[in-house]
Amino acid sequence: ADGARVPVVVIGTGYGGSVAALRLAQAGVDVHMIEMGMAWDTPGSDGKIFCNTTAPDYRSYWLRTKTKQPLSNFLGFPIDRNIPRYTGILDAEEFGGITVYQGRGVGGGSLVNGGMAVTPRRENFGAVLPSVNADEMYDVYYPRANAGLGVGTVDPAWFDTAACYQYARVGRKHAQRSGFPFVFVPDVYDWDYMAREAAGSVTKSALAGEILYGNNHGKKSLQQTYLARAKATGRVSISPLHRVTSVSPAGGGGYTVVMEQIDTGGGVTATKSVTADRVFFAAGSVGTSKLLVKLKATGALPNLNAEVGKGWGDNGNVMCGRANHMWDPTGPLQSSIPCAGIDNWAAGGAFAEVAPLPTGIETYASFYLSITRNPNRARFSWNAAASRVELDWQTSWKQPSIAMAKTIFDKINVKEGTIYRTDLFGGYKIWGDHLTYHPLGGAVLNKATDDLGRLHGHPGLYVIDGALIPGNTSVNPFVTITALAERNIEKIIAAGL
Ligand code: FDA
């Protein structure tokens, strides 16, 4: 309630926030979570909570009047459509040189993501989090995160025959014919449920093209895992449709957290404040960085250090499609859950997931999201005149990613006698180089914070989300975000908060 005093506020309900809430509650601490997005627990008039990628409606995008689909075109035609402005589930946040996609709602990115739950290869970990003890991570915290998230892997025998993974088997064939290691990628989707979808005995979700705007069945988002357990403690409350705008030292100790309550049109209906002894920033890499940069620049948190806002990367994301020959159809039915990848990290700096194009028709296209070792790092800064936080990423900074992805796909194209698709991103572009799904950094561990995520300069403030990770995880990031949060919160609680 407005004006209340609470022990802990957690800003954001994604991976970092959910881990913090669960572990604090289990340690006997009452936690209040504040989330700018909706609760996503109530069906719409069609009986469904989430809408489909084939028919994005008011629920699809965060406060936009037109969709901004990652693939803007198909067969050369623009596919974006008008929608009512609503606090929808996917935010396509535009900065000068990049569009950053993020989940909005209770569960954060877990609501919209592909559920690919990948632990980095151990030999790459030193570059992911240089100050963190790898033995502890691989012995304790990665296993804990994988268990908490409910990670599993597709049954290889089922994969070999399932119609919905023909696209991935074509991806495997092409990878192997060019000599690249092909790997199965674990996921939090319930694989037994997917097999029953394929058998026609349950309501389809992955096999009905649900993904980017939420899955009505099958996917274990944080709502089903960490947040369910957190709520079951009785010590965690969540305020959806509340956006934190300020955190500053309170007169009698602790911090005043100011928030705006918003309606589903995005209008502010009330401004409230609570006082918290401790505040965990878990608003995601972009959300946490934007808050901290603004609060430092405007004097609300003057003692934050000069590292705040720095070290942001896009996890080297770049997309592309290849046009296959008629003898390599990828199938009209494609599971929206990717389950495989091509690992050329060591030799070429690229890990490419074989992604679906769930259009419902045969496209003869292979589609890929590559994660690359892009070295470029951007910085958030406060534009006082415009009263907003900006990010100095340049579109041209994706060039190293394209070069790394080409180490895989140029070779496959030569071997198969195929070409890149030019009809997916508009303007005959081959490379989807305008976006990222994997924002990381902005309040880097051991730089803006100490080695446990405690912000320098203001005791009682913590960062516990993707902002801690310096720009790249070599694979999809949420398992690493979860494992790091498990590590940090355990040590923070052990140290007496
Ligand atoms: P996360 O972004 O999850 O949560 C932050 C929360 O804070 C959000 O709910 C947000 O609304 C809220 N918030 C922000 N500012 C706020 C404020 N001022 N006040 C109140 N609340 C605020 N990763 C992966 O490993 N495998 C995958 O398959 C995919 N696939 C994928 C697909 C798509 C389309 C996207 C967009 C992303 C992915 N990802 C992914 C990335 C993954 O989802 C992402 O890395 C994590 O969700 C980040 O977790 P965090 O805890 O850092 O923040």
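Good morning. Two strands are counted as paired here if DSSP finds at least two bridges between them. With that in place, I begin with one such pair in this predicted model. Strand S10, residues 255–262, and strand S11 pair in the antiparallel sense over 8 bridges, and within S11 it is Val 274 that stands opposite Val 257. The hairpin of S10 and S11 has 5 residues between the strands, and Gly 266 takes a positive phi there, near 90°.

Strand S11, residues 268–281, has further partners. Strand S1, residues 5–11, runs parallel to S11 and is joined to it by 6 bridges; Val 6 faces Ala 276 of S11 in that pairing. Strand S20, residues 461–463, also runs parallel to S11, through 3 bridges, with Phe 281 opposite Val 463 of S20. As general background, strands of a sheet pair through backbone hydrogen bonds, either parallel or antiparallel.

I turn next to the ligand. How many residues surround the ligand? There are 39, and the closest are Gly 12, Gly 14, Gly 108, Gly 109 and Gly 287. By class, the shell divides into 16 nonpolar, 19 polar and 4 charged residues. Several elements supply at least two shell residues each: helix H1 (15–26), strand S6 (99–103), strand S9 (242–249), helix H8 (284–297) and helix H11 (478–494). Which of these gives the largest share? That is H8, with 4 residues.

Two of the helices that contribute to the shell, H1 and H11, also meet one another. Their axes come within 9 Å and cross at roughly 35°, and the crossing is right-handed. On the H1 side, the contact involves Tyr 15, Gly 16, Val 19, Ala 20, Arg 23 and Leu 24. On the H11 side, it involves Phe 478, Ile 481, Thr 482, Ala 485, Glu 486, Ile 489, Glu 490 and Ile 493. The residues of this contact comprise 9 nonpolar, 2 polar and 3 charged.

Strand S6, another contributor to the shell, belongs to an open sheet of 3 strands in the order S5-S6-S19, with mixed pairing. Strand S5 (90–94) and strand S19 (435–436) stand at the edges with a single partner strand each, so one side of each has no neighbour in the sheet. S5 and S6 are antiparallel, with 5 bridges between them; Ala 92 has Tyr 101 of S6 as its bridge partner.

The next sheet is also open. Its 6 strands follow the order S7-S13-S14-S15-S12-S18, and the pairing is antiparallel. Strand S7 (182–184) and strand S18 (419–420) are the edge strands, each pairing on one side only. Within this sheet, strand S13, residues 340–344, runs antiparallel to strand S14, residues 350–355, and 4 bridges join them. One of these pairings sets Asp 343 against Phe 351 in S14. What lies across this sheet? Helix H10, residues 399–416, lies across strand S12 (318–323), S13, S14, strand S15 (365–372) and S18, and runs at about 15° to S12.

Finally, the annotation. An unreviewed UniProt entry places the feature "domain: Glucose-methanol-choline oxidoreductase C-terminal" at residues 436–485. Over residues 436–485 the chain is 16% helix and 8% strand, and the end C-alpha atoms are 22 Å apart. Thank you for your attention.

Methods
Residues numbered from 1 in each chain as written. Predicted model: local features only at pLDDT ≥ 70, side-chain atom pairs only at ≥ 80, totals over all residues. Near = placed C-beta within 6 Å. Nonpolar A, V, L, I, M, F, W, Y, C, P; charged D, E, K, R; others polar. Axes fitted to C-alpha atoms, helices over the stretch in contact; angles between N-to-C directions. Left-handed = near helix turned anticlockwise from the far one by under 90°. Contact = placed C-beta atoms within 7 Å. UniProt positions renumbered as here; feature names shortened; annotations may be inferred.
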